[in-house]
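Me: I should like to learn how to read salt bridges in a protein model. Could we begin with a single residue and work outward?

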Amino acid sequence: MDSSVILPAEAEGLVQSLETFPLKEVGSERWFRQHTHIEKLNMQAILNASAMHDEFVKDLLVLYGKIPILVHEMILVEVWKHKVFPILCQLEDFNPKNTFHLYMVIHHEATIINLLETIMYHKDACEAADDSVLDLVDYCHRKLALLVGKATGEVATTSDQRELGGKAHVSSTDSMKDLQVQSAAGEFEISLKAVSVLRFITDHTESVSVINRMLCTHNMPCVLVQLIDRCPWSRCKDGEVEKYINGRWQRIPVEDHLKMTKLDGQVWISLYNLLLKEDCQRKYDFNNFNKNQLLKLRGFMTEVLIDQLPNLVELQRFLAHLTVTDPAPPKKELILEQIPEIRDHIVRQNTGKWKAVAKYQVKETFSPSESDLKLQAERLNQVYNLDVMESLLPEKPKCGSCGKEAAKRCSQCQGEWYCDRECQVKHWSKHRRACQLMVEVSEKIHKDLHVNS
């Protein structure tokens with residue numbers, strides 16, 4: 001079965017067409033068309049990386065210099081979510097019949113950070129980002145600060161409970177509130193992706209400005225120490241340890257409590273790069289505060305941890321040396337340093353205009369006709385092919401009853417998996433309510449979009 005989303009020739013056309021948009025055009029017809037293009041590129045990039053095939057999406061983005069455009073569009077939606085979306089939610093005369101369009105705008109930031117996570121693994125992609133890497137470093141710092149505050153983790157938990165509760169009918173006001181909850185919960189996922197993107201930047205960058213930004217402006221080593229200390233992707237629920245793995249909270253058996261997750265590894269490797277690279281050591285100020293923060297890491301560096309990531313032995317030695325020495329302060333050098341421009345430019349262009357932008361979008365963008373909604377739904381239906389989506393899953397579906405690998409879906413909601421008929425019958429009493437809710441919501445969406453069969 002061919003599970004390709006797009007072929008190289010089509011991908012080339014999509015990459016060449018990528019462009020930046022002004023803030024008020026977010027959600028417009030042209031913007032929405034580009035959103036579907038980026039969705040396709042993202043899914044194809046993940047498929048190529050997972051199968052270790054020719055990563056032509058990454059190569060094309062590098063060749064045509066489009067990575068800075070991705071960074072710009074991601075930050076544009078981030079600004080829109082913080083400045084314009086709250087105003088939309090407060091406008092009394094804005095009662096959309098359908099929030100599907102708004103949801104796709106909110107989801108756009110997650111799509112781009114996902115694509116960047118896939119391609120920034122490669123050094124040539126990091127180099128092709130050019131000056132936008134500085135904006136990307138600032139973006140990652142904002143997301144890591146959210147994780148350290150752990151507010152996003154709490155929102156994600158609330159979102160889980162809302163999903164379990166479900167509701168068959170929602171008013172326009174409830175839909176907007178629900179959208180706000182989804183947006184806040186999505187920040188958790190986005191922030192976790194930013195951890196990986198930052199790690200790849202620390203792997204590849206040789207730019208003095210980028211290194212200075214990470215170490216001197218944002219003090220990333222101390223931020224990363226806080227992440228190790230608080231570990232927002234791990235929690236205790238009902239007496240069980242759960243970790244956020246592959247997009248969901250999973251219960252961890254007692255014997256695996258000390259097993260390192262991918263996110264743990266990304267943070268440790270980032271620290272390794274920032275503290276042990278020669279260029280970084282020359283730049284970083286090991287003052288008393290920073291030194292005391294870094295020495296907290298020694299309490300986490302157990303034999304079990306180092307067995308899983310042997311390179312950390314060098315970091316352990318460095319920290320042992322740091323306990324008995326006071327490194328020389330960084331030399332005061334005259335540096336012509338580049339500064340990030342994308343977010344500042346977007347904010348500066350629109351300061352004092354946020355409400356005007358919101359009102360313009362209510363009139364021109366977020367009050368689409370039924371035919372417009374139908375057209376958008378049909379476009380997305382072409383993007384989200386079911387076979388392709390299944391091939392993107394990080395692990396095979398598990399039976400909702402026994403937990404074994406499953407190959408059959410619930411025929412009604414298509415959302416639960418089973419290994420055989422016997423397990424489905426056994427699980428029906430638990431699944432019935434959720435199944436009915438999903439079917440009702442699906443029917444309501446189809447009715448709203450006039451795409452009933």
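Reply: Let us start with Lys40, which is buried at a relative accessible area of 18%. Please note that the model is a predicted one.

Me: Which residue does the side chain of Lys40 meet in a salt bridge?

Reply: As a general idea, side chains of opposite charge can pair when their charged atoms come close. In this structure, Lys40 forms a salt bridge with Glu10, at 3.7 Å from N to O. Lys40 belongs to helix α2 (residues 29-51) and Glu10 to helix α1 (residues 8-17), so the pair ties together parts 30 residues apart in sequence. Glu10 is partly exposed, with a relative accessibility of 38%.

Me: What parts does the pair of Glu206 and Lys123 tie together?

Reply: The side chains of Glu206 and Lys123 meet at 3.3 Å, N to O, in a salt bridge. Glu206 sits in the loop between α10 (172-204) and α11 (208-217), and Lys123 in helix α7 (residues 123-128), so this pair links parts that are 83 residues apart in sequence.

Me: Are Glu206 and Lys123 buried or exposed?

Reply: Glu206 is exposed, its relative accessible area being 60%, whereas Lys123 is partly exposed at 36%.

Me: Where does Glu242 fit in, and which residue is its partner?

Reply: Glu242 pairs with Arg251 in a salt bridge whose closest N and O atoms are 3.7 Å apart. Glu242 counts as buried, with 7% relative accessibility.

Me: Which residues are joined into one network by salt bridges that share partners?

Reply: Glu78, Lys81, Glu109, Arg142, Lys143 and Glu187 are joined in this way.

Me: How many salt bridges are there by this rule?

Reply: The count comes to 21 salt bridges, taking a side-chain nitrogen of Lys or Arg within 4 Å of a carboxyl oxygen of Asp or Glu.

Definitions and conventions. Residues are numbered from 1 along each chain as its sequence is written. This is a predicted model: local features need pLDDT of at least 70, side-chain atom pairs count only at pLDDT 80 or more; totals for chains, interfaces and linings use all residues. Side-chain values use heavy atoms; hydrogens and water are left out. Helices (H or I, at least four residues) and strands (E, at least two) are DSSP runs, numbered from the N terminus. Buried means under 20% relative accessible area, exposed over 50%, partly exposed in between (1.4 Å probe, protein chains only).
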